[in-house]
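Student: Could you take me through one part of this model closely, the place where the two chains meet? I would like to know what each chain brings to it.

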There are 2 protein chains.
Amino acid sequence: MKEIEKKLQFRNIKPTSMRLLVYKVLKKKQKAISLYEIEQEFDNVDRSTIFRTLKTFQTKYLIHSVDDGTGAVKYALCDDDCTCSLNDLHVHFLCNKCGQTFCFKEVPVPIPKLPEDFSFESANFVVKGICSTCK
Amino acid sequence: MKEIEKKLQFRNIKPTSMRLLVYKVLKKKQKAISLYEIEQEFDNVDRSTIFRTLKTFQTKYLIHSVDDGTGAVKYALCDDDCTCSLNDLHVHFLCNKCGQTFCFKEVPVPIPKLPEDFSFESANFVVKGICSTCK
DNA sequence: TAACTAATTGCAATACTGTTGCACTAGCTT
DNA sequence: AAGCTAGTGCAACAGTATTGCAATTAGTTA
Ligand SMILES: [Mn+2]
Ligand SMILES: [Mn+2]
Ligand SMILES: [Zn+2]
Ligand SMILES: [Zn+2]
């Protein structure tokens, strides 16, 4: 338990009870999940509180977000040493069957050759298909 | 002018005046643009009509869509021989400065090696940076 | 041509996600 | 204890996408 508090403190986030709860949900899921999904995990927690918690987490590089095209942004825990820079970019996978979104942290985003004078700053690469469970 | 009508008919789309107008806007822009941007090009055209026009176009592979993370889906013309299959997938580029979204039709989406038992069906690859104009 | 039919369009209402203002509270500091 | 600050809850709002339904148009048949 202290474990989680340390993780937050390491990222300069005051470990309030709400934040610990949200963190635990993200930890438990081990996937990228939406604000709505997090909300469903609780009985009486306000959406905007979760929303602001996620913003805080993201600013401090505790989590990153993915837009998988389903309409809702999804969030997942970063690795301990993540700074959400180019090196930390990885491929995400949306299962067309179950709708779950996976972090493929071991699959880096390939950097394609761009036309002259277009610079690369970041990227969102979402692969869609069928996941191993739904196969 | 007949030119455009033929393009629509070739895709089995009845070339109504609304549809010709929407097509012409997409043609003129030569970029991926949102429903809202298309709406702005006209004085008195209903949003839902444009919306349904785009759905029709997309179903018939006349256009494809990109979710670039800006909140609004963007649409761009397909090539004549496009069937929106794996071969037709290409990289899109969102300029962080001007917000415009470009189709890089000559840059195919790289297919990364996925973990065991995850299948590839399609992908959305959006690169973000500064475009050649904003540079 | 008149009547009939199906597709298209316009208008209004709604859903869904994300975002903000503001008041209240809990916890820390002096 | 009083004051200060970050965090929280509630409600309202914004932006985009989507739908129901009635009105219109285009095409077809008698
Ligand atoms: Mn991830
Ligand atoms: Mn494109
Ligand atoms: Zn699945
Ligand atoms: Zn630009």
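Tutor: Happy to; here is a walk through the interface, with a short look at a sheet afterwards. This is a predicted model, in which local features need pLDDT of at least 70 and side-chain atom pairs count only at pLDDT 80 or more, while totals for chains, interfaces and linings use all residues. Residues are numbered from 1 along each chain as its sequence is written, chains are lettered from A and ligands numbered from 1 in the order in which they are written, and side-chain values use heavy atoms, with hydrogens and water left out.

Let's begin with the extent of the interface. Contact means heavy atoms within 4.5 Å, and 33 residues of chain A are in contact with 33 residues of chain B. Together the two chains bury about 2,600 Å², with 63% of it on carbon and sulfur atoms; buried area is the accessible area (1.4 Å probe) that two parts lose on being put together, summed over both.

Now for the polar side of the story. The rule finds two salt bridges across the interface of chain A and chain B, a salt bridge being a side-chain nitrogen of Lys or Arg within 4 Å of a carboxyl oxygen of Asp or Glu. B:D117 forms a salt bridge with A:K135, and their closest N and O atoms are 3.5 Å apart.

Which elements does chain A offer? Those giving two or more residues to the side that touches chain B are β4 (90–95), β5 (101–108) and β6 (122–129) of chain A. The largest share, eight residues, comes from β6(A). Strands here are DSSP runs (E, at least two residues), and helices are runs of H or I with at least four, both numbered from the N terminus.

That strand also meets its counterpart in the other chain. β6(A) and strand β6 (residues 122–129) of chain B pair in the antiparallel sense over seven bridges; two strands pair if DSSP finds at least two bridges between them. A:K128, for instance, has B:S122 in β6(B) as its bridge partner.

Finally, chain A has an open sheet of three strands, in the order β1-β3-β2, with antiparallel pairing. β1 (33–34) and β2 (63–66) of chain A stand at the edges with a single partner strand each, so one side of each is left without a neighbour in the sheet. β1(A) pairs with strand β3 (residues 74–77) of chain A over two bridges, and A:S34 stands opposite A:K74 in β3(A).
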